[in-house]
Each structure stands twice: as structure tokens, then as C-alpha cells.
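Subject: Structure handover and findings

Dear colleague,

Here is the structure I promised to pass on to you. Please open it alongside this message, since the notes below are meant to be read with the residues in view.

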Amino acid sequence: MKFTKAVWICAAWIAAALLFNAGIFFVQGQQKALEFLTGYVIEWSLSIDNLFVFFLIFSHFKIDAVQQNRILSWGVLGAQLMRAVFILAGVALLKHLNWVIYAFGGVLVFSGLKLLFKNDKTKSFDKNIIFHFLKRFVPEGLSLFLLVLIAVELADVIFAVDSIPAVLAVTKDPFIVYSSNIFAILGLRAMYFVLSPVFDMFQYLHYTLGIILVFIGFKMLTDHIWHMPIAYALGFIVLVLTIFISLSLFINNKKKSKLEAL
């Protein structure tokens, strides 16, 4: 997928999500619309880290751009099915077992702290847990396409362990949780081709996602004490993302200026 085409497709999916959000606003009201938008922004921001893992997988197996497009298309389809199962299971657990909200909150805080205190993102797929799983459990002789597709689906399953509880911290309405997830996922393939040339710019991504996960985790853990308005949570997440994007652009431009001066 060419860069320009990917940008237009990515923009179209974002516009579709916002249009859908407007529909929720008129049909179900402001609260549900805010829940959808917050869930969508959380899922969208966390998915950038997942795209980085996809990039490592494709680089390791030397997958060309055409095959990447095919694998991501099938991967998105598989992700939609798996998310439905995970979301229904998560909502059912929260409905019948009140203490699960604290378990989910604890997982998010732990995952966030791990990202915050990580010195550097692993740039080698050889050290990734998915690589060790494939090496141990996937039979030799499997076609490269299927092997990489399994790796991509596994990456999404691991990613869902953080992202779904994060959205459940905002709303327990399965329709809102699933629809916000799906709209973010549908734009993933195009977003990969938009961001893949500039992944090096995201050197502070793990700090950003770590702050967001810790914030959402604490929101879940303290919900019985004070129910934070959705607008506050959305505002904080947007602020953190804005700072991250601005800082990344500033540092990248500074590096460019230094290189041009040499």
C-alpha cells in the first residue's frame, strides 16, 4: 500500500469512527458518545505499540510489502473475532465477580509501570515472547505466510490483555466496547503503512503508553471511592498523546537540523 493511499484510508476510518460517534450521540446521548470516543482513543493509541511489534515480525521474517498487506488483512479479520470473545468474557466476569475490576486495574498498573521503567524498547524479534512460542509450539515446515499470520494474531492477543481492560475501565457496555475496538482495528492496516517509515520517531512511546495504562488502572482501582467523569479521562489521555507527538516531532526536527548542518 502506497503511503498516500494509506493516509487517505486511515483518515477515512477515523472520519467513519467520528461519524459513528455522532450517531451514538444523537441516538443514545452524550454519555455514551463520550464513552465510545474515549474507548476509541485508548484503543487507537495503544495499538501503535502493537504496530511496532508487527514491524519487528515482518522485518525478522523479511516479508515484502505485498505479503504484509495480505497478512494484515487476515490479521484484522481474526482480531475482530477474538476481540468479540474477549470482550464478552470480560463483561461477564465484571458482571458476576465484582473483584475482577481490581484484577484488571492491577494488570493495567503493572503493565504501565513495566513500560515506564523499561530502558529501551526491544528492537530484536529474537528476544520477543512470540518468537519463543513459535519456536517451541509451531511445527517446522509450515508456510511462511501462515507462520507470520500466527505471529501477528498472537501479538494481538497479548495486546488485547491490556487494551480490553483499559476500555472496560471506561464503560461496561459491550456494544460500546466492541464498536470502539472494531473502528480502531479496521484502521490498523492503513495506519501500519503510514507509520512504518517513521517508527524511529517513537522513542518515547513506551513512556506515553505507560502513563496512560497506569492512569486507567488507577481509575479502575479507585472507582468505588470516586467515579471519574469520562470527559476528565478523555482530556488526560488526549493531553498525554499531544505532548508525546509534539515532543517526538521536536526531537526529530532537531536531529534533522543537526544532520543538515554537518
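What follows is an account of the cavities, the salt bridges, the nonpolar cores and two single residues.

Please keep in mind throughout that this is a predicted model, and that the values below are computed from it.

**Cavities**

The structure holds two cavities of 30 Å³ or more. The largest cavity has a volume of about 80 Å³, and its lining is made up of 13 residues, among which Phe54, Leu72, Gly75, Val76 and Leu188 lie nearest the centre. Two or more lining residues come from each of helix H2 (30–60), helix H3 (65–96), helix H6 (144–168) and helix H8 (188–195), and it is H3 that gives the most, with five residues. Sorted by class, this lining has eight nonpolar, two polar and three charged residues.

The second largest cavity encloses about 40 Å³ of space, and the residues that line it are Cys10, Trp13, Ile14, Tyr40, Trp44, Phe183, Ala184, Gly187 and Met191. Here the elements that give two or more residues are helix H1 (3–28), H2 and helix H7 (174–186), with the largest share, three residues, coming from H1. By class, the lining of this second largest cavity has eight nonpolar residues, one polar residue and no charged residue.

**Salt bridges**

A search of the whole structure finds four salt bridges, and I describe some of them here. Glutamate 35 and lysine 32 meet through their side chains at 3.7 Å, N to O; both residues lie in helix H2, three residues apart, which is about one turn of the helix. The side chain of lysine 32 also meets that of aspartate 173 in a salt bridge, at 3.0 Å, N to O. Because aspartate 173 lies in the loop between H6 and H7 while lysine 32 lies in helix H2, this pair ties together parts that are 141 residues apart in sequence.

How do these partners differ in exposure, buried or partly exposed? Glutamate 35 counts as buried, at 9% relative accessibility, and aspartate 173 likewise counts as buried, at 17%, whereas lysine 32, at 25%, counts as partly exposed. The cut-off that matters for this reading is that buried means under 20% relative accessible area.

Another salt bridge joins glutamate 43 and arginine 83, whose closest N and O atoms are 2.7 Å apart. Since glutamate 43 lies in helix H2 and arginine 83 in helix H3, the pair ties together parts that are 40 residues apart in sequence. Both glutamate 43 and arginine 83 are buried. Through shared partners, salt bridges join Lys32, Glu35 and Asp173 into one network.

**Asparagine 181**

Asparagine 181, which is placed in helix H7, is worth viewing together with the last of those pairs. Asparagine 181 is buried, with a relative accessible area of 0%. Once its neighbours within four places in sequence are left aside, asparagine 181 is in contact with Glu43, Arg83, Ile87, Ile164 and Val167, and Glu43 and Arg83 are the two partners of the salt bridge described above.

**Nonpolar cores**

The largest nonpolar core has 64 residues, and those with the most contacts inside it are Ile42, Phe54, Ile57, Phe58, Ile71, Val148 and Ile216. At least two residues of this core are supplied by each of H1, H2, H3, helix H4 (100–116), H6, H8, helix H9 (205–221) and helix H10 (230–261), and H6 gives the most, with 13 residues. There is also a second, separate core of eight residues, including Ile24, Ala33, Phe36 and Ile176. Phe54 appears in two of these descriptions, as one of the residues nearest the centre of the largest cavity and as one of those with the most contacts inside the largest core.

**Phenylalanine 215**

The last residue to look at is phenylalanine 215, which is placed in helix H9 and, at 16% relative accessibility, counts as buried. With neighbours within four places in sequence left aside, phenylalanine 215 is in contact with Met228, Ala233 and Phe236. The C-alpha atoms of phenylalanine 215 and phenylalanine 236 are separated by 8.9 Å, and the two residues are 21 residues apart along the chain.

With best regards

Notes. Residues numbered from 1 in each chain as written. Predicted model: local features only at pLDDT ≥ 70, side-chain atom pairs only at ≥ 80, totals over all residues. Heavy atoms only, no water. 1 Å grid on protein atoms, 1.4 Å probe; cavity = no way out; pocket = protein on both sides within 12 Å on 5 of 7 lines; lining within 4 Å. Points joined across faces, edges and corners; volume = space filled by probe spheres on them. Helix = DSSP H or I, 4+ residues; strand = E, 2+ residues; numbered from the N terminus. Nonpolar A, V, L, I, M, F, W, Y, C, P; charged D, E, K, R; others polar. Buried < 20%, exposed > 50% of the residue type's maximum accessible area, 1.4 Å probe, protein only. Contact = heavy atoms within 4.5 Å. Core = buried A, V, L, I, M, F, W, Y, C linked by side-chain atoms within 4.5 Å.
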